[in-house]
Amino acid sequence: MGLSSLGAYQVAQRLGLAEMQATGLHRLDLYAASLEREIGKYAFLPGTLELQAEVLDLLAHPAGQKPPNKVNAYLEQLNDRAGTLAIYVINPQGLVLATSNWRRADSYLGENLSFRPYFRDAVAQGSGRFFGIGTTRGEPGYYLASTLVDAHGTQGIAVIKVSLDQLEQSWTTVEAPVLVSDENGVVILGSVPDWKFTTLRTLDEATAKAFDQTQQYNRRALKPLGLRELRELEHGARLVSIAKERPEMVSVYPVAGRFLAQSRALPGTPWTLTVLSHLEQVDEIAQSHALIALIGAALLFVLGLMLNERRRHLKDRLAAREALQAAHDELERKVEQRTADLWASNHRLQAEVTERTRTEANLRAAQDELVQAGKLAAIGQLSTGIAHELNQPLTALRTLSGNSLRFLERGDLATTRTNLERMAQLADRMGRITGQLRSFAHKSPVASRPVPLDQAVANALAVLEGRLAESHATLQCPASSPCPVALCDGNRLEQVLINLIGNALDAVHAPERPRIDIRCSQQADRVQVQVRDHGPGLAEAVQAHLFEPFFTTKEAGVGLGLGLALSAGIVREFQGSLSGANHPEGGAVFTLELPRAPDEPSDTMSPPP
């Protein structure tokens with residue numbers, strides 16, 4: 001099958017290539033005739049300028065001695081009627097004396113074009129032709145130059161620049177792409193716009209330098225088209241390939257792939273006209289013939305397979321019947337074996353159910369014991385916490401009662417009355433603390449209310465007044481404006497502040513000048529209290545266990561290690577946070593953050609004692 005389809009493909013491809021070559025030759029004739037006709041209708045125009053006396057008169061005078069406006073206007077009218085891009089007159093030194101675009105800001109007037117090849121050819125041979133890109137406006141065109149001669153000899157050069165865009169536009173509607181390349185292999189015209197000013201072969205260094213000198217393409221980057229010759233055919237035709245561009249070029253016909261290239265030199269120019277016929281249609285026809293041959297061979301092959309399959313089918317039916325009987329016998333044996341296995345598994349499951357029932361009863365009993373132990377532990381923790389929180393008010397009561405006795409002895413009843421009022425407030429505070437024991441059995445949410453931080457700090461400092469006086473510590477507590485207001489329970493907030501300030505007093509007992517800084521601040525939706533001591537700071541091992549219950553750095557009998565753990569729990573109940581760290585300038589700093597109360601807080605706390 002493969003050989004038959006390959007032979008059919010090769011025969012069809014050869015026939016298709018022969019037909020495509022004949023069509024390509026006809027297209028070459030048409031394209032060459034249209035190009036020669038387009039150029040030929042302007043060939044006579046440069047020579048007609050020597051019939052104008054004003055032009056010769058302008059060339060006869062040295063540059064700048066005779067105004068060129070009359071000649072400029074004539075060239076402008078001639079250019080408009082002829083439909084050319086530009087018409088201009090150059091003196092023998094290459095200087096443009098008059099031009100049709102003299103009114104434009106970018107006119108050629110006064111430019112020196114002696115470096116242009118068409119000027120040099122006209123001086124040497126009497127005429128010159130050249131395709132290039134203008135150095136002033138960057139506009140591509142075909143230049144036709146001719147000498148202007150009078151009785152005294154050559155007076156100057158007349159140049160006409162012609163646009164071939166209309167010819168290229170007509171080529172875009174043809175069935176096969178066409179291009180025109182110059183003697184250096186540069187594509188100057190083409191039916192595919194993206195092919196223009198590409199190269200069919202790599203430019204050598206000498207050609208590149210010549211382009212820089214003549215500015216034929218105005219220093220435009222000439223990229224390779226990517227055309228690669230595959231093999232030569234008869235009658236000068238070639239098989240070539242063009243690589244795909246990314247992004248792919250937009251055209252009415254394929255511009256990448258394999259092509260049949262047919263070229264012809266254009267008379268009177270160094271140009272080459274090339275027609276590229278895409279091989280897609282030839283390949284499709286050849287593939288169709290190959291497919292037909294393949295299908296025919298496949299039908300014969302299938303017919304043979306069907307006859308052989310019928311013979312094998314009869315043989316397989318007999319073998320299948322025997323295999324089915326054997327499978328039935330094997331299935332019966334497996335069913336009996338599986339039934340026995342299921343019976344044994346059922347007995348094992350019943351034993352496991354009995355064992356799990358007994359284990360569940362043991363777990364329930366252990367759970368009841370754990371619940372009871374948890375209750376006892378909770379009562380012990382709560383009792384210890386209450387004892388810790390009552391310690392500070394009791395100390396304050398002891399200090400105030402001693403002071404009251406001394407003030408009574410002195411007869412200072414006003415100060416004694418003030419101390420007694422403070423003692424009453426501390427007794428109320430102790431009552432609120434012990435009242436927490438009654439809520440142990442039925443836990444209810446703590447009511448939050450707006451609490452001014454400055455007032456809470458003042459109440460805490462009043463409780464610790466005796467310790468502050470005894471420690472001789474300097475207290476820095478600047479007032480905040482406006483006063484931050486937290487959303488929490490004032491009594492419990494004071495408990496946390498008393499614990500933090502008390503710990504700070506414990507930390508600064510050693511320095512010669514003990515000092516404690518308390519700072520209140522507020523942000524968008526949070527308020528913050530920072531208590532900083534100027535003591536030795538927190539050791540790295542201590543920071544990892546700050547808020548663990550029963551962890552303390554104090555001596556035995558001095559502290560229970562519950563203050564920070566209870567304080568952290570109280571803060572968490574109000575969606576706040578408590579953290580401790582070392583201050584960059586020394587000492588430890590504890591930061592308390594709480595939610596900020598809404599505007600216009602209602603302060604229901606008691607005034608500071």
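Two strands are taken to pair if DSSP finds at least two bridges between them, and helices (H or I, at least four residues) and strands (E, at least two) are DSSP runs, numbered from the N terminus. On this basis, β19 and β20 are joined by six bridges and run antiparallel. The structure is a predicted model, in which local features need pLDDT of at least 70 and side-chain atom pairs count only at pLDDT 80 or more, whereas totals for chains, interfaces and linings use all residues. Residues are numbered from 1 along each chain as its sequence is written, and side-chain values use heavy atoms, with hydrogens and water left out.

The chain contains 13 helices and 20 strands. Of its 609 residues, 38% count as buried, where buried means under 20% relative accessible area, exposed over 50%, and partly exposed in between (1.4 Å probe, protein chains only). With contact defined as heavy atoms within 4.5 Å, residues 24 or more positions apart account for 63% of the contacts in the chain that have a separation of 6 or more.

The strands β19 and β20 belong to an open sheet of five strands with mixed pairing, in the order β15-β17-β18-β20-β19. The edges of this sheet are occupied by β15 (474-476) and β19 (577-582), each of which has a single partner strand, so one side of each is left without a neighbour in the sheet. From one strand to the next, the twist averages 15°. At one edge, β15 is joined by three bridges to strand β17 (residues 515-522), and the two run parallel; Leu475 stands opposite Ile516 in β17. At the other edge, β19 and β20 form a hairpin with five residues between them, and Gly586 in the turn has a positive phi of about 115°. Ala581 has Val589 in β20 as its bridge partner.

Two helices lie across this sheet. Helix α9 lies across β15, β17 and β18 (526-533) and runs at about 155° to β17, whereas α11 lies across β17, β18, β19 and β20 (588-595) and runs at about 25° to β18. For these angles, axes are lines fitted to C-alpha atoms, for helices over the stretch in contact, and angles run from 0 to 180 degrees between N-to-C directions. Nine of the eleven residues of α9 (residues 453-463) are buried, so this helix is largely enclosed by the rest of the structure. The buried residues of α9 include Leu453, Ala456, Val457 and Ala460, together with the polar residues Gln455 and Asn459.

The axes of helix α11 (residues 490-507) and helix α13 (residues 563-573) come within 10 Å and cross at roughly 145°. The contact involves Arg492, Gln495, Val496, Asn499, Leu500 and Asn503 of α11, and Gly563, Leu564, Ser567, Ile570, Val571 and Glu573 of α13. These residues divide into five nonpolar, five polar and two charged, where Ala, Val, Leu, Ile, Met, Phe, Trp, Tyr, Cys and Pro count as nonpolar, Asp, Glu, Lys and Arg as charged, and the others, Gly among them, as polar. Within α13, the residues Gly563, Leu564, Ala565, Ser567, Ala568, Ile570 and Val571 are buried. The helix α13 is followed by Gln575, whose phi is positive, near 60°.

A nonpolar core is a set of buried Ala, Val, Leu, Ile, Met, Phe, Trp, Tyr and Cys residues joined through side-chain atoms within 4.5 Å. The largest such core has 46 residues, and those with the most contacts inside it are Leu493, Leu497, Val529, Leu592 and Leu594; α11 gives the most to this core, with eight residues. Apart from it lies another core, of 44 residues, among them Leu28, Val71, Ile87 and Leu164. Leu493 lies in α11 and, at 4% relative accessibility, counts as buried. Leaving aside neighbours within four places in sequence, Leu493 is in contact with Val451, Leu453, Ala456, Cys488, Leu592 and Leu594. The C-alpha atoms of Leu493 and Leu453, which are 40 residues apart along the chain, are separated by 9.1 Å. Leu497, not counting residues up to four places away in sequence, touches Ala456, Val457, Ala460, Val529 and Leu592.

A further open sheet, of six strands, has antiparallel pairing and the order β7-β6-β13-β12-β11-β10. Its twist averages 35° from one strand to the next. Strand β11 (residues 238-242) is joined by five bridges to strand β12 (residues 257-265), and the two run antiparallel, with Ser241 opposite Arg258 in β12.
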